[in-house]
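Keep the sequence and the structure side by side as you read. The paragraphs below walk through the fold, its cores, two of its helices and its cysteines.

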Amino acid sequence: MTALTPSLAIVAARLPSPPSSAELLDADVSGATPDWRGIAVPEHVLAGFARRSDAAPLAARPIAGGQIHVLARRPGFGAVLLDAWDSTRQRWRGWLVTPDTAYADACGLVVEQRDAPADPRAGLVLCDLPVTLAVTDLGACLGVFSQDRLQAARWLEAQGRANGATAAPGVIARVALPGDDYALTGTPLSRELGKDDRVAYRQLLRQGLQQLQIASAEALAPVSRPVQAANASRWLKIVTAVAASVMVVQSAWLFLPKQDAVVGHAEFRNGGSGVETGVRLRVLFRADATEAEIRTWLQREQLEIVAGPDTLGAFTLLSRDRQKVLPSPGPGNPLAVINP
């Protein structure tokens, strides 16, 4: 790994001149067709082009947790992996993302093939650099993480520094995660002054965030899990109250027996009174969502709680509308995760 300096050097290379029309004609006649693309562009560059092309359809996705969005004001600086919406501050919480996988430390999550499609600008999630951003700070979507991968980022933020490995800049290795999963990450930062370029790299990134006026989540509050299990005592009280409220204002068909129930677009049998049609949707609510907020949102969206919380803290909602699509987590609703 080369020494890192604040300045950037752009090196231009002259590509081979294209053949003349006469040369092309001669090549066609002789049956020789040179692969000019392969000569002019290295394979790793072509692979980057392919990754960017594959991820292009994601660019206009509505903002939601688990997505990687480029920074709107400085798209060349980096991106952010969104964790959860902070309704108190009206901002998204997440982690800084850069393309520089070689600078991974023990809290860095390397973007892998299983995360595809992902733009090459999304290479490393710096889980030790949590940030908060306004919606206006977010540009195009570069990739989408599964809930398991999002949970891996949360785990690395909380536990990554304690992986016990020896500092080795540029080394990427597998680290075991809870639940028989793994992550590709780096080693802890070296404490020896001037011996680890990754230290200077993070200093430059922090300076850049300050210039962009992007707040560090660490400076605002201690690390906390945005999505908590909904079977905590507080949650049980809230959900019981919400369910009771819904039962009062809605008809009895809302709470159907589990028998013959199928999650997804299906028919649900309501005892002996016939068949009701609808769709069941599984969600996690934000840990800070209030009873009133959940009840109001359920009534507005014409949804009912029919099951939960399960072992993951998720609830099953029912809608009569078989084409019902839930709004993305964010301002205006208490959702944290859809289909966890």
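How many helices and strands does the protein have? There are eight helices and 14 strands. Of the 340 residues, 40% count as buried. Contacts can be sorted by how far apart the partners lie in sequence. Among those with a separation of 6 or more, 66% join residues 24 or more positions apart.

This is a predicted model, and its confidence varies along the chain. The average pLDDT is 75, and 69% of the residues score at least 70. Among the elements, strand β4 (residues 108–110) has the highest mean, 96. Strand β10 (residues 264–269) has the lowest, 37. Two stretches call for a note. Over residues 1–30 the pLDDT stays under 50, and the model has 23 contacts beyond four places in sequence for them. Residues 222–237 also fall below 50, with 36 contacts in the model beyond near neighbours in sequence.

Now to the interior. In soluble globular proteins, nonpolar side chains tend to be buried together. The largest nonpolar core here has 21 residues. Which residues have the most contacts inside this core? They are I68, L81, L109, V125 and C127. Strands β1 (67–71), β2 (79–86), β3 and β5, together with helix α4 (147–159), each give two or more residues to this core. Helix α4 gives the most, with four.

Take I68 as a way in. Leaving aside neighbours within four places in sequence, I68 contacts A79, V80 and L81, and also V97 and A122. Its list further includes A140, C141, L142, G143 and F145. A second, separate core has 20 residues, among them W92, L126, V131 and I214.

Helix α4 deserves a closer look. Its 13 residues should span 18 Å at 1.5 Å a residue, and its end C-alpha atoms are 18 Å apart, which agrees. The buried residues of α4 are R149, L150, A152, A153, R154, L156 and E157. What do they pack against? The partners are β2, β3, β4, β5, β7 (173–177) and β8 (181–185).

R149 also leads to a loop residue. E112 is found in the loop between β4 and β5. Is E112 buried or exposed? Its relative accessibility is 15%, so E112 counts as buried, given that the cut-off for buried is under 20%. Not counting residues up to four places away in sequence, E112 touches R149, Y182 and L184.

Next comes helix α5, residues 197–211. Its 15 residues reach 21 Å from first C-alpha to last, close to the 21 Å expected. The buried residues of α5 are R198, Y201, R202, L205, G208 and L209. Why do they lie on the same side of α5? They cover an arc of only 120° around the axis, and therefore share that side. The general geometry is simple: an α-helix has 3.6 residues a turn, so residues three or four places apart point the same way. On the other side of α5, Q210 and Q211 are exposed. The buried residues of α5 pack against β3 (91–98) and β5 (124–133). After the helix comes Q213, whose phi is positive, near 60°.

L205 shows this packing at the residue level. L205 is found in α5 and is buried, with a relative accessible area of 7%. Beyond residues up to four places away in sequence, L205 touches F77, L96, T98, L126 and L129. One of these partners, F77, is 128 residues away along the chain, yet the C-alpha atoms of L205 and F77 are separated by 8.6 Å.

Last, the cysteines. A disulfide is a covalent bond between the sulfur atoms of two cysteines. How many disulfides does the structure hold? It holds zero. Why is there no bond between C107 and C127? C127 has the closest cysteine sulfur to that of C107, but the two are 7.0 Å apart, too far for a bond. For a disulfide, the sulfur atoms would have to be within 2.5 Å. Both residues are buried: C107 has a relative accessible area of 1%, and C127 is at 0%. C127 is also one of the residues with the most contacts inside the largest nonpolar core.

Note on methods
Residues numbered from 1 in each chain as written. Predicted model: local features only at pLDDT ≥ 70, side-chain atom pairs only at ≥ 80, totals over all residues. Heavy atoms only, no water. Expected span 1.5 Å × (residues − 1). Buried < 20%, exposed > 50% of the residue type's maximum accessible area, 1.4 Å probe, protein only. Arc of directions from axis to C-beta. Contact = heavy atoms within 4.5 Å. pLDDT = per-residue confidence, 0-100. Core = buried A, V, L, I, M, F, W, Y, C linked by side-chain atoms within 4.5 Å.
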